[in-house]
Amino acid sequence: SRAVPMLVLRSMKEYAGDERKLKEMFQVTLNALRTRQKSDGGFALYSPQYESSSQVAVSLYAAHFLIEAKSKGLAVPEDILGRVKAYLQTESVRISGGNLSSVRRWAFALYLSARLGVVNGASLAQLKRELEKDFKDQWEGDIAALYLAGTYALYRQEEIGEKLIKSFKISESVVTDLEDYLDPLNRNSVLLYMAGKHYPSRVKDLITPENLRILMKPINSGSA
């Protein structure tokens, strides 16, 4: 988590700092991820030696970090990224499991796969059907819809994604799911990220004094 802000600040010259130190920090993080990557391409939360299987939520978070790092010009070894790419196609991240938490992970994995150039329209359609069938009154306000919006943008179907993201607002009222590290800050950050990266026309409506207060509240209070 401490390495993520480095990726953001690196692209902002006024905050970037010492490039050498930033690359050293990235290398330390990369080394840690390499030691925690399991044979299926996912990642253990701590040590693979003591964890029988990859932790899905942790693996998706780590995969996103690596993909973002590569997109910003940092050297991510192809062997690590190749295993990540394979992991994102495994059953462990593609089966909904009948609960919204599992569906969120599936949606996130589809988005990350799309970032790596993997187009899986059939899986996207299946996920959408399951969301509409099993979570009819929930999913369009859930973070899963934001991941779908990003995926649609990468599939060159921005009109569909725009319909999903346009109803989202920065909010303090977000269901917390500790298993997926989901809280208001995480959900609101994903909203800003998806808007900024794929639907930039939405950003100006999200950056308001009140929204900034909401975003900074957990950080200022030390709860983030």
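# Pockets, ring pairs and helices of an all-α model

Sorted by class, the residues that line the second largest pocket comprise 5 nonpolar, 5 polar and 4 charged ones. That pocket belongs to a predicted model, whose chain contains 12 helices and 0 strands. The points below begin with the pocket and then take up the cavity, the overall form of the chain, the aromatic pairs, two of the helices and two loop residues.

**The second largest pocket**

- The volume of the second largest pocket comes to about 250 Å³, and among the 14 residues in its lining those closest to its centre are Arg-104, Gly-141, Asp-142, Val-174 and Val-175.
- Helix α6 supplies the largest share of the lining of this pocket, namely 3 residues.

**The largest cavity**

- When the whole structure is searched, 1 cavity of 30 Å³ or more is found, and the space in the largest cavity amounts to about 30 Å³.
- The lining of the largest cavity is made up of Leu-88, Gln-89, Arg-94, Trp-106, Ala-109, Leu-110 and Ser-113, which by class gives 4 nonpolar, 2 polar and 1 charged residues.
- Helix α6, which covers residues 100-115, contributes the most to the lining of the largest cavity, with 4 residues; α6 also gives the largest share of the lining of the second largest pocket.

**Overall form of the chain**

- Followed along the sequence, the elements of the chain form the pattern α-α-α-α-α-α-α-α-α-α-α-α.
- The C-alpha trace spans about 45 × 40 × 35 Å along its principal axes.
- The radius of gyration of the chain is 17 Å, which agrees with the value near 17 Å that a compact globule of 224 residues would have.
- Of the 224 residues in the chain, 45% count as buried.

**Aromatic pairs**

- The structure holds 2 aromatic pairs, one of which joins Phe-26 and Phe-65, with ring centres 6.0 Å apart and planes at 40°, so this pair counts as tilted.
- Because Phe-26 sits in helix α2 (residues 19-36) and Phe-65 in helix α3, the tilted pair ties together parts that lie 39 residues apart in sequence.
- Both Phe-26 and Phe-65 are buried.
- Phe-108 and Tyr-147 form a pair whose ring centres are 4.3 Å apart and whose planes meet at 5°, and the pair is therefore stacked.
- The stacked pair links distant parts of the chain, since Phe-108 belongs to helix α6 and Tyr-147 to helix α8 (residues 143-154), with their positions 39 residues apart in the sequence.
- Phe-108 and Tyr-147 are both buried.

**Helix α3**

- Helix α3 runs over residues 56-71, and its 16 residues reach 22 Å from the first C-alpha to the last, close to the 22 Å expected at 1.5 Å a residue.
- Most of α3 is covered, with 13 of its 16 residues buried.
- After α3 comes Gly-73, which has a positive phi, near 90°.

**Helix α8**

- The end C-alpha atoms of α8 lie 17 Å apart, which agrees with the 16 Å that its 12 residues should span at 1.5 Å a residue.
- Because 11 of the 12 residues of α8 are buried, the helix is largely enclosed by the rest of the structure.
- The buried residues of α8 include Ile-143, Leu-146, Leu-148, Thr-151 and Tyr-152, as well as Tyr-147, whose ring takes part in the stacked pair with Phe-108.

**Two exposed loop residues**

- Arg-156 is placed in the loop between α8 and α9 (158-165), and although it is not a glycine, its phi is positive, at about 65°.
- With a relative accessibility of 65%, Arg-156 counts as exposed, because the cut-off for exposed residues is over 50%.
- Val-119 is located in the loop between α6 and α7 (121-134), and Val-119 is likewise exposed, at a relative accessible area of 62%.
- The C-alpha atom of Val-119 is separated by 8.8 Å from that of Leu-154, although the two residues are 35 residues apart along the chain.

Key: Residues numbered from 1 in each chain as written. Predicted model: local features only at pLDDT ≥ 70, side-chain atom pairs only at ≥ 80, totals over all residues. Heavy atoms only, no water. Expected span 1.5 Å × (residues − 1). Buried < 20%, exposed > 50% of the residue type's maximum accessible area, 1.4 Å probe, protein only. 1 Å grid on protein atoms, 1.4 Å probe; cavity = no way out; pocket = protein on both sides within 12 Å on 5 of 7 lines; lining within 4 Å. Points joined across faces, edges and corners; volume = space filled by probe spheres on them. Nonpolar A, V, L, I, M, F, W, Y, C, P; charged D, E, K, R; others polar. Phe/Tyr/Trp six-rings, centres within 6.5 Å; stacked < 30°, edge-to-face > 60°. Rg over C-alpha atoms; globule rule 2.2 N^0.38 Å.
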